[in-house]
Amino acid sequence: MPNMAMQKNPMPSQQPEVRNQNFMEVALGYSAETAIDEAKRCLNCKNHPCVSGCPVRIHIPEFIQKMAQGDFEAAYQIIAESSSLPAVCGRVCPQESQCESKCVRGIKGEPVGIGRLERFAADWHNAHCTDRPVKPASNGHKVAVIGSGPSGLTCAGDLAKKGYDVTVFEALHLAGGVLVYGIPEFRLPKAIVQKEIDTLADLGVKIETNVVIGKTITIDELMQEYGFEAVFIGSGAGLPKFMNIPGENLKGVYSANEFLTRINLMKAYKPNSDTPIQHGKHVAVVGGGNVAMDAARCAKRLGADVTIIYRRTEVELPARREEVEHAMEEGIVFKFLTNPLEIIGDERGWASAVRCQEMELGEPDASGRRRPVPKEGSEFSLDLDCVIMALGTSPNPLIKSTTEGLETQKWGGIIAEEETGLTSRTGVYAGGDAVTGAATVILAMGAGKNAAAAIDDYLSK
Ligand code: FAD
Ligand code: SF4
Ligand code: SF4
């Protein structure tokens, strides 16, 4: 008998007043009993609409049926056929706009907690299964992957499973892309990412860190001198945008990328870390996306009063609703309909205030959202000692500038076929944020998967 409860089983979590003072994971995960109970909410629909909402096409009803029977390892194995990063996706996928948005249980109540169940199955496997995957026999072909974010790791994993000799080149000293340098520990523990990367290493994937393709070595050299027959570019979109207002060069002004990298990758919040981070008392974060929420919640955990400045209203916030609610519960203050005009410095050259203007919503713009327009005579000043700009990012132009014949969009995105990731250069494929601009983990994984299939077609002809 299915469980016809209208609501999902709630996710046990650290209390807001406790968690806003530590970097440990906020969501604690289901127990086995709760996971089975939640799995029983699935109706095992014949036409499984949920699967069409998953960019890597996980066999959702099949894995959930195994969960309902308490066979968690079998559930994991079904997920692993389609996804190389289930413990990651179960935590950070925007499920509400992906698989769960298509779930029929969502018509008259809440959808099945597909992401929560996926997380449980992956964590169960990691805790109970010590068997390591076996490296497949080599097929003699060599492929290079640029960037070790979710698109690159997925492409590398899928190719390694088919016997390709895959090397991932990563500019930073640790693999994982945004999963390790951007998304904070309290949403995605780094040990979980590392475990998923170790699984790829068992499959034979080699990861070379501290190699900047375009500087240390070019794509042309990889293909002509090092014998790589195909290349996948998954270099992401890590170039931060600024507002170009006066004062952005002052000390105490960070891009969200730099602030989060110092905290997540360099562990700047730990007392013995070599990397400094400013422990501002009054911090303003400019922007309203997931990155702004992450930066604000990190600054809060460093002991600051934090204000998010956003030029539209709460309704238009682009961040996931769950992240906004978590930020509000943790005591982050939101200043809506507010736009910074200038960051004011003190006599030492440090940011000390931000001059703002109130906004109101006008006619819709090209994105369909109502355009914020300045309100006459509404300027005011906010005292602070640290400003974090979370205004979006674009692809880094480095690879294109050192490689012949790779076509890009005006804004920097690499031009690649949607189905295959093939770029304007034979044998060179691309996907993830490097192609689409800042998007999501699962879309990047979907692109890596499609490109791996296309590279396999190309090299096995
Ligand atoms: P990335 O993850 O950016 O990885 C690219 C990698 O390439 C990096 O490691 C980079 O160092 C490396 N690289 C770049 N240039 C070179 C070069 N020249 N040579 C060698 N290596 C290079 N998405 C979600 O789905 N859910 C979330 O909750 C979520 N939260 C986010 C929070 C933050 C703070 C940020 C910044 C993003 C978040 N995203 C989230 C978006 C998501 O992380 C990205 O869409 C996704 O990581 C893109 O994957 P990718 O593989 O294309 O690139
Ligand atoms: Fe849903 Fe993401 Fe899991 Fe796919 S990977 S089933 S979209 S949570
Ligand atoms: Fe189960 Fe929902 Fe998918 Fe139907 S749509 S199979 S209820 S998860």
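The legends below accompany an overall view and several close-up views of a predicted model.

**Figure 1. Overall view of the predicted chain, with its 17 helices and 16 strands.** The radius of gyration of the chain is 23 Å, close to the 23 Å that the globule rule gives for 461 residues, so the chain is as compact as a globular protein of that length. Along the principal axes, the C-alpha atoms occupy a box of roughly 65 × 60 × 50 Å. Of the 461 residues in the chain, 54% are buried.

**Figure 2. Close-up of ligand 3, which sits in the largest cavity.** The residues around this ligand include the cysteines Cys42, Cys45, Cys50 and Cys103, together with Leu43, Asn44, Pro49, Pro61, Val104, Arg105 and Ile114. Sorted by class, the shell around ligand 3 consists of 9 nonpolar, 1 polar and 1 charged residues. Asn44, one of the residues around ligand 3, is placed in the loop between α2 (32-39) and α3 (49-52).

**Figure 3. Close-up of ligand 2, whose space is the second largest cavity.** Around ligand 2 are Cys54, Ile58, Ile60, Cys89, Cys93, Gln95, Gln98, Cys99, Glu118 and Ile442, and by class this shell has 7 nonpolar, 2 polar and 1 charged residues. Two members of the shell can be described further in terms of their accessibility: Cys93 counts as buried because its relative accessibility of 10% is under the 20% cut-off, and Ile60 also counts as buried, with a relative accessibility of 2%.

**Figure 4. Close-up of Ile60 in helix α4 and of Cys42.** Ile60 belongs to the residues around ligand 2, whereas Cys42 is found among those around ligand 3. The two residues are 18 residues apart in sequence, and their C-alpha atoms are 9.6 Å apart in space. The helix that holds Ile60 is α4, which spans residues 60-68.

**Figure 5. Close-up of two loop residues with positive phi, Asn44 and Arg57.** Most residues other than glycine have a negative phi. Asn44, although it is not a glycine, has a positive phi of about 50°, and Arg57, likewise a residue other than glycine, has a positive phi near 55°. Asn44 lies in the loop between α2 and α3, while Arg57 lies in the loop between α3 and α4. With a relative accessible area of 40%, Asn44 is partly exposed; Arg57, at 45%, is partly exposed as well.

**Figure 6. Close-up of Cys356, a cysteine that is in no disulfide.** A disulfide is a covalent bond between the sulfur atoms of two cysteines, and the structure holds 0 disulfides. For Cys356 the nearest cysteine sulfur is that of Cys386, at a distance of 15 Å, so this pair does not meet the 2.5 Å cut-off for a disulfide. Cys356 counts as buried, with a relative accessibility of 0%.

**Figure 7. Close-up of Asn450 in helix α17.** Helix α17 comprises residues 441-459, a range that includes Ile442, one of the residues around ligand 2. Asn450 counts as partly exposed because its relative accessibility, 36%, falls between the 20% and 50% cut-offs. Asn450 and Thr408 are 42 residues apart in sequence, and the distance between their C-alpha atoms is 20 Å.

Definitions and conventions: Residues numbered from 1 in each chain as written. Chains lettered and ligands numbered in written order. Predicted model: local features only at pLDDT ≥ 70, side-chain atom pairs only at ≥ 80, totals over all residues. Heavy atoms only, no water. Near = heavy atom within 4 Å. 1 Å grid on protein atoms, 1.4 Å probe; cavity = no way out; pocket = protein on both sides within 12 Å on 5 of 7 lines; lining within 4 Å. Sits in = over half its atoms within 2 Å of the grid points. Nonpolar A, V, L, I, M, F, W, Y, C, P; charged D, E, K, R; others polar. Buried < 20%, exposed > 50% of the residue type's maximum accessible area, 1.4 Å probe, protein only. Helix = DSSP H or I, 4+ residues; strand = E, 2+ residues; numbered from the N terminus. Rg over C-alpha atoms; globule rule 2.2 N^0.38 Å.
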